[in-house]
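Visitor: I would like to learn how to read a model like this one. Where do we begin?
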Amino acid sequence: MTTLTPELPAGDALDGVSRTTIRLQSDPAGGRARIRLATGGSPQCPVLRPMLLETSVDRARISLVPEGAMLLAGDHLDIDIAVGAGTHLEIVEPAGTVAYDMRGRHATWDVRIRLGDGASLTWAGEPFVASAGSDVRRSTSVVLGPDARLALRETMVLGRYGEWPGRVRQSTRVHDDAGTPVLVEELSLDPVSAPHLLGRQRVVSTILLLADPDEVPAGVSPESRFDLDTGGTLWRRLGTDVHATLDHACWAAVR
Amino acid sequence: MTDAREAIHRDLVLMLLADARLPVAGHTQSATLEPALRAGLGAGDVPGYVTTRLRTVTRVEAATAVVALHHLAAGLDVGPVEAAWAARTPSPAMRATSRSQARAFLRLAGRLWPETAPVLAVSAYRAPCRAVALAAAAASLDLEPAALARLVGYDDVQTACSAALKLLPLDPADVTGWVVGALPTVDRLAGEVAHLTRPEEIPACGAPQIEAWAETHAHTTRRLFSA
């Protein structure tokens, strides 16, 4: 396993974006998979630094560690992940993220994921809390290769306890590598829309599993289960507090 | 009734398609209002519920119909339009409801306008959604995209409001007032989606609570409306 953590060239520093790049690729010579981890970009922006926790022949486990206060107005994080054919990546986060009052400005959080033939990604996202006054544009785009597997956990919390919701515009786009859409969703949640879109709830906890149909556990959390048209399943629970809304049994079954 | 385009005024076509007396089982639908009321929504919440649908699931449906109409009028395959709708409709209950309504609608359209290319093209699909089925009729009858989008929006408002009348003790004139109150939002929605032509342009506005209610309702045996 080769590990590099270089800073990206200084040219990228000018666009105000903090970039995190994760590349996992099998070794053509049949040795250990190669991983490349890089961060770079604007010095004003906090960084999500990928820390290698564990590796084996065809897999790696990484923790995405925040450096600097986040998430504040003007922050723009760009996370680009490519998992090469036949390799397996697991991402964990040491803690949740809080987006603070942005006083009329906004922050951006973009994630791009490409999964090669037979590759897999398991990402145990921790709660993302949109405090009152925050305004975050989150996008997640995924391209799935043939026989790729994705298990993605996300928890959105609108407002800290007893607080008004912040504003989150979340866009999720998953396609296969032929361009066929699997899941396309935009949620625009703010203090006005949230009560209508989420009822009286403030926590949206989702687990997305895109995998071979045989791998989707049958009896797990049927009450919150949405089987997608092209295969794969989304489990989504709405709740008023994080602990009661997270579906640990479901995540344990799909991760 | 074979030449669909022969001298039927578009206003009459629109009235026909929007009429609840059309034998397509519209009376079995509540636009997911029934589980919403069971979950605690009250009469006063219905106008807000209708508006939320117009901004989310109904917006997706109206845009899908408009893009399907463009594809059918241009002789293009509607498969990618159907796929775009399905990817934007995570709830299997909502997809099943839409497809069963489409089946009923296409059965009728196949009787009324059997020789038109759009109806034949869409009927050849395994299980098209309701938006695509409506687009087939619209394409056969030369309806404009904006008129089709207004039809989808109006039908959803009427479906929810007329269901409210059966589920709650309400004055029908009040409920008609809610419908009238929603019309500017329907018109705005139509104006916003009428120009769309490509499947990837279809908005994807999710409504997690409505989707959850739709699933709950599909699994309950105690219900008045099928969806």
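Guide: With a backbone detail. This is a predicted model. Just after α8(B), Asp142(B) has a positive phi of about 65 degrees.

Visitor: What about the helix before that residue: how many residues of α8(B) are buried?

Guide: Helix α8 spans residues 130-140 of chain B, and 11 of its 11 residues are buried. Among them are Arg130(B), Leu134(B) and Ser140(B). Ala131(B), Val132(B) and Ala133(B) are also on the list.

Visitor: Which elements do the buried residues of α8(B) pack against?

Guide: Helices of chain B: α1 (10-18), α4 (57-73), α5, α6, α7 (117-123) and α9 (145-167).

Visitor: Now the interface. How is its size read?

Guide: The size of an interface is often given as the accessible area lost when the parts come together. Between chain B and chain A, the buried area is about 1800 Å². Carbon and sulfur atoms give 57% of that area. In residues, 25 of chain B are in contact with 22 of chain A.

Visitor: How many salt bridges and polar contacts link the chains?

Guide: The rule finds three salt bridges across the interface. One of them pairs Asp229(A) with Arg95(B). Their closest N and O atoms are 3.1 Å apart. Polar contacts between the chains come to nine residue pairs, both residues at pLDDT 80 or more.

Visitor: Which helix of chain B gives the most to the side that touches chain A?

Guide: α11(B), with five residues. Helices α3 (46-55), α5 (79-87), α6 (92-112) and α11 (208-218) of chain B each supply at least two. By type, this side of chain B has 12 nonpolar, seven polar and six charged residues.

Note on methods. Residues are numbered from 1 along each chain as its sequence is written. Chains are lettered from A and ligands numbered from 1 in the order in which they are written. This is a predicted model: local features need pLDDT of at least 70, side-chain atom pairs count only at pLDDT 80 or more; totals for chains, interfaces and linings use all residues. Side-chain values use heavy atoms; hydrogens and water are left out. Contact means heavy atoms within 4.5 Å. Buried area is the accessible area (1.4 Å probe) that two parts lose on being put together, summed over both. A salt bridge is a side-chain nitrogen of Lys or Arg within 4 Å of a carboxyl oxygen of Asp or Glu. A polar contact is a pair of N or O atoms within 3.5 Å; within protein, one must be able to donate a hydrogen and the other to accept it, and residues adjacent in sequence count only if both atoms are side-chain atoms. Helices (H or I, at least four residues) and strands (E, at least two) are DSSP runs, numbered from the N terminus. Ala, Val, Leu, Ile, Met, Phe, Trp, Tyr, Cys and Pro count as nonpolar, Asp, Glu, Lys and Arg as charged, and the others, Gly among them, as polar. Buried means under 20% relative accessible area, exposed over 50%, partly exposed in between (1.4 Å probe, protein chains only).
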